[in-house]
Amino acid sequence: MAGTARHDREMAIQAKRKLAQTKDPIERLRLQCLARGSAGIKGLARVFRIMDDDNSRTLDFKEFLKGLHDYAVLIEKEEAEEIFKIFDKDGSGTIDFDEFLVTLRPPMSNARKEIIMQAFRKLDKTGDGIVTIEDLRGVYSAKHHPKYQNGEWTEEQVFRTFLDNFDSPYDKDGQVTTDEFMNYYAGVSASIDTDVYFIVMMKNAWKI
């Protein structure tokens with residue numbers, strides 16, 4: 001995946017620049033995540049998932065605040081309260097973190113979402129909504145990878161490193177879900193202004 005490291009750097013610089021100018025609390029949180037690169041939002045998702053002990057997929061304010069702090073997001077309690085209230089639409093004192101993460105993801109056009117899903121479907125040979133090393137074996141050859149050629153890595157290591165690009169930096173399980181893939185590319189998408197360029201980049205990268 002050539003280009004993603006460069007996009008990550010560009011995006012992080014852009015996000016930090018915008019952070020100094022924006023007052024909107026949700027946008028500020030989004031930019032803090034994007035300043036860490038394409039996997040920034042996904043990393044926050046993992047922190048929240050770990051905290052959700054009872055698998056309710058909801059968080060109360062205390063958990064929400066702790067999750068932000070654990071992820072080292074710089075935020076005042078008042079600002080966190082403001083964000084929490086926006087998501088706690090029914091006033092129940094809890095928020096649905098799937099809904100929260102979808103809102104936090106930078107907005108993307110349908111054309112971008114469709115090309116991302118095309119790439120995912122190409123990878124997901126078994127069609128079960130999760131990409132694993134087994135799926136990759138049917139799509140990619142590790143034989144051209146320089147570290148495979150010089151005997152430093154096995155085929156498995158080449159594929160695992162590839163999957164780790166899309167996986168969370170804190171909990172790499174060797175599996176990539178549609179959501180993780182979409183979150184990753186929502187990050188990349190945030191650094192690319194036009195749909196045309198984004199679609200060309202995806203087509204070239206994935207040979208779609």
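The following dialogue explains how to read confidence, helix packing and a cavity in a predicted model.

Biologist: What is the average pLDDT of the chain?

Modeller: pLDDT is the predictor's confidence in each residue, from 0 to 100. Where pLDDT is low, the predicted coordinates should not be read in detail. Here the chain averages 85, and 95% of the residues score at least 70. Among the elements of the chain, helix α1 (residues 4–19) has the lowest mean, 77, and helix α7 (residues 110–123) the highest, 95. Helices are DSSP runs of H or I with at least four residues, numbered from the N terminus. In this predicted model local features need pLDDT of at least 70 and side-chain atom pairs count only at pLDDT 80 or more, while totals for chains, interfaces and linings use all residues. Residues are numbered from 1 along each chain as its sequence is written, and side-chain values use heavy atoms, leaving out hydrogens and water.

Biologist: At what angle do the axes of α3 and α6 cross?

Modeller: Two packed helices are described by the angle between their axes and the distance between the axes. Axes are lines fitted to C-alpha atoms, for helices over the stretch in contact, and angles run from 0 to 180 degrees between N-to-C directions. The axes of α3 and α6 cross at roughly 170° and come within 11 Å. The two helices are therefore roughly antiparallel, a term for angles over 145 degrees. Their contact (heavy atoms within 4.5 Å) includes Leu44 and Phe48 of α3 and Phe97 and Leu101 of α6. By class, this contact has 8 nonpolar, no polar and 2 charged residues. Ala, Val, Leu, Ile, Met, Phe, Trp, Tyr, Cys and Pro count as nonpolar, Asp, Glu, Lys and Arg as charged, and the others, Gly among them, as polar.

Biologist: How do the axes of α2 and α6 cross?

Modeller: The axes of α2 (residues 25–34) and α6 (residues 97–104) come within 10 Å and cross at roughly 80°. These helices are therefore roughly perpendicular, the term for 65 to 115 degrees. Among the residues in contact are Ile26 and Leu29 of α2 and Phe100 of α6.

Biologist: What lines the largest cavity?

Modeller: Rolling a probe the size of a water molecule over the atoms shows where empty space is left. A cavity is a set of points, on a 1 Å grid over the protein atoms alone, where a 1.4 Å probe fits but cannot get out; lining residues have an atom within 4 Å of a point. The structure holds 1 cavity of 30 Å³ or more. The volume of the largest cavity, the space filled by probe spheres set on the points, is about 80 Å³. Its lining includes Lys42, Asp98 and Glu180, and α3 gives the most, with 4 residues. The lining divides into 3 nonpolar, 1 polar and 7 charged residues.

Notes: Angles under 35 degrees count as roughly parallel, over 145 as roughly antiparallel, 65 to 115 as roughly perpendicular and the rest as oblique. On a 1 Å grid over the protein atoms alone, a cavity is a set of points where a 1.4 Å probe fits but cannot get out, and a pocket is an open set with protein on both sides within 12 Å along at least five of seven lines; lining residues have an atom within 4 Å of a point.
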